[in-house]
Every structure is written in structure tokens, then in C-alpha cells.
Amino acid sequence: MVSRTPLILLACGSFNPITNMHMRLFELARDHLQKTGRYQVIEGIMSPVNDDYRKKGLVSARHRIAMAKLALETSDWIRVDPWESEQETWTETVKVLRHHYNESLRLLQSKKEFMKNKWPIERSTEDPLSYEHSDSQFRIHQSSSQDSSTVNNKGIPKNGGTRRTGKKSVSLSST
């Protein structure tokens, strides 16, 4: 049997408020990826945006995180991570991805569950998203249902922060 690539699903967004569809997004993605036989989804992470995002009507991150934690109480694989919301200001998605990439590497290194002594070194949040090391290649895959006309080329919302509710889903994987 071919081993499956471990995968972490990451959704960045306002979660203002969290909805059943936010949670369903993870379930649908996990089911699809695992049906391919190529991936083993090991975790889902919701990353609420910082209060400085400038979205009209944005509830404070503290409350959005509390709501998400309550909504995810019964999930044994999806969690809320407050890191993005705790930064001094709004953080670009690529930096959030890099943070979770590094955190995942740190956790997986200590457990040594998936590979034997072939982990890449921690990367700066400014580094490119792909990294090759030895026989392994680590990539961050990003897909988005967001209407690209609502954000500029740096992912910053146009029109003073107003945008549609499209969400980005991201996965970290090793191939």
C-alpha cells in the first residue's frame, strides 16, 4: 500500500461569525482529499483575522475566537488558532501560512511520526512557499473561493476593507 501524504487544512478568514458552512468546508475538503487515496488529513486549523483588517462590522477577535471554539467543541480534528488575530496588525496570508508551516514542522519533528530525520529547517515568513530538502519536498497549496476583484495583488481588501465572504483554504503537505 502506498503511504498517504500527511496534510493540514488551514482556513484564514474573519469568521464573523463562524457558520456551519465554515465547519462543513473542512469536512468536504477532508473527505475529498482522503478519497483520492493520496492524502491523510491530520488536522484542520481556523485562523481568524486580526481586528485591524478593516472589515465593516468586524466583531473583536476575542469574541470571534470564543465563538469558533464553542462551535468546534465537538470536533476532534479542527481547532481555532489565535496567532493571526494576536499580531500587532493585519497579517498577509503568506505569513500566516509560513507560521503554521513552521509550527507543524516543529510538532512533527518532535513526534517523528511521518519521516525519519529528514525535516527541513524553519523558514522565515519572508521565504518562498516551496522548500526542498533531501528526498522530500514541502509545499503549501492554496485555493480560494474569494472573488479576486475584491482584493488587490497583495491580498489587501479594496474599498476600505469591504469584501465578499469568500474563504481561502490552504493545506500544508510533504510530497
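In this predicted model, R79 is partly exposed, with a relative accessible area of 31%. Its side chain meets that of D81 in a salt bridge, with 3.0 Å from N to O. Salt bridges that share partners bring E43 in as well, so that E43, R79 and D81 form one network. D81 itself counts as buried, at 11% relative accessibility, whereas R79 falls in the partly exposed class. In total, the structure holds five salt bridges, and two others are described below alongside the helices they involve.

A step back to the whole chain helps to place these residues. The protein chain has three helices and six strands. Read from the N terminus, its elements follow the order β-α-β-α-β-α-β-β-β. The chain has 175 residues, of which 45% count as buried. Its accessible surface comes to about 10,000 Å², and carbon and sulfur atoms account for 49% of that area. Of the contacts between residues at least 6 apart in sequence, 66% join residues at least 24 apart.

Strand 1, residues 5–13, is a good place to begin the tour of individual elements. Nine of its nine residues are buried, so the strand is largely enclosed by the rest of the structure. The cover extends to both faces: T5, L7, L9, A11 and G13 are buried on one side, and P6, I8, L10 and C12 are buried on the other. Strand 1 runs parallel to strand 2, and nine bridges join the two. Within this pairing, L9 has G44 of strand 2 as its bridge partner.

The loop that leads from strand 1 to helix 1 carries two backbone features worth a look. F15, which lies in this loop, has a positive phi of about 50 degrees although it is not a glycine. F15 counts as buried, with a relative accessibility of 2%. In the loop between strand 1 and helix 1 one also finds P17, which is joined to N16 by a cis peptide bond with an omega of about 0 degrees.

Helix 1 follows, covering residues 20–35, and L25 lies within it. L25 is partly exposed, at a relative accessible area of 32%. Its C-alpha atom is separated by 9.0 Å from that of A11, although the two residues are 14 apart along the chain. A salt bridge also belongs to helix 1: the side chains of R30 and E27 meet at 3.1 Å, N to O. Both partners lie in helix 1, three residues apart, which is about one turn of the helix. An α-helix has 3.6 residues a turn, so residues three or four places apart point the same way. E27 counts as partly exposed, with 23% relative accessibility.

What do the buried residues of helix 2 pack against? Helix 2 spans residues 61–71, and A61, R64, I65 and A68 are buried in it. Seen down the helix axis, these buried residues fall within an arc of 100 degrees, so they line one face of helix 2. They pack against strand 2 (39–48) and strand 3 (78–80). R62 and L70, on the other side of helix 2, are exposed.

R64 deserves a second mention, as it also takes part in a salt bridge: its side chain meets that of D51, again with a value of 3.1 Å from N to O. This pair links distant parts of the chain, with D51 in the loop between strand 2 and helix 2 and R64 in helix 2, 13 residues apart. The two partners fall in separate classes of exposure: R64 is buried, with a relative accessible area of 0%, while D51 counts as partly exposed, at 43%. The loop between strand 2 and helix 2 also holds R54, a residue that is not a glycine and yet has a positive phi of about 70 degrees. At 51% relative accessibility, R54 counts as exposed, since the cut-off for exposure is over 50%.

Helix 3 rounds off the helices. It has 19 residues (93–111) and reaches 27 Å from its first C-alpha to its last, close to the 27 Å expected at 1.5 Å a residue. The buried residues of helix 3 are T93, V96, L97, R98, H99, H100, Y101, N102, S104, L105 and L108.

Note on methods
Residues are numbered from 1 along each chain as its sequence is written. This is a predicted model: local features need pLDDT of at least 70, side-chain atom pairs count only at pLDDT 80 or more; totals for chains, interfaces and linings use all residues. Side-chain values use heavy atoms; hydrogens and water are left out. Buried means under 20% relative accessible area, exposed over 50%, partly exposed in between (1.4 Å probe, protein chains only). Helices (H or I, at least four residues) and strands (E, at least two) are DSSP runs, numbered from the N terminus. The arc is that of the directions from the helix axis to the C-beta atoms. Contact means heavy atoms within 4.5 Å. Accessible areas come from the Shrake-Rupley method with a 1.4 Å probe; for residues, only the protein chains shown count as cover. The expected span of a helix is 1.5 Å times one less than its number of residues. A salt bridge is a side-chain nitrogen of Lys or Arg within 4 Å of a carboxyl oxygen of Asp or Glu. Two strands pair if DSSP finds at least two bridges between them.
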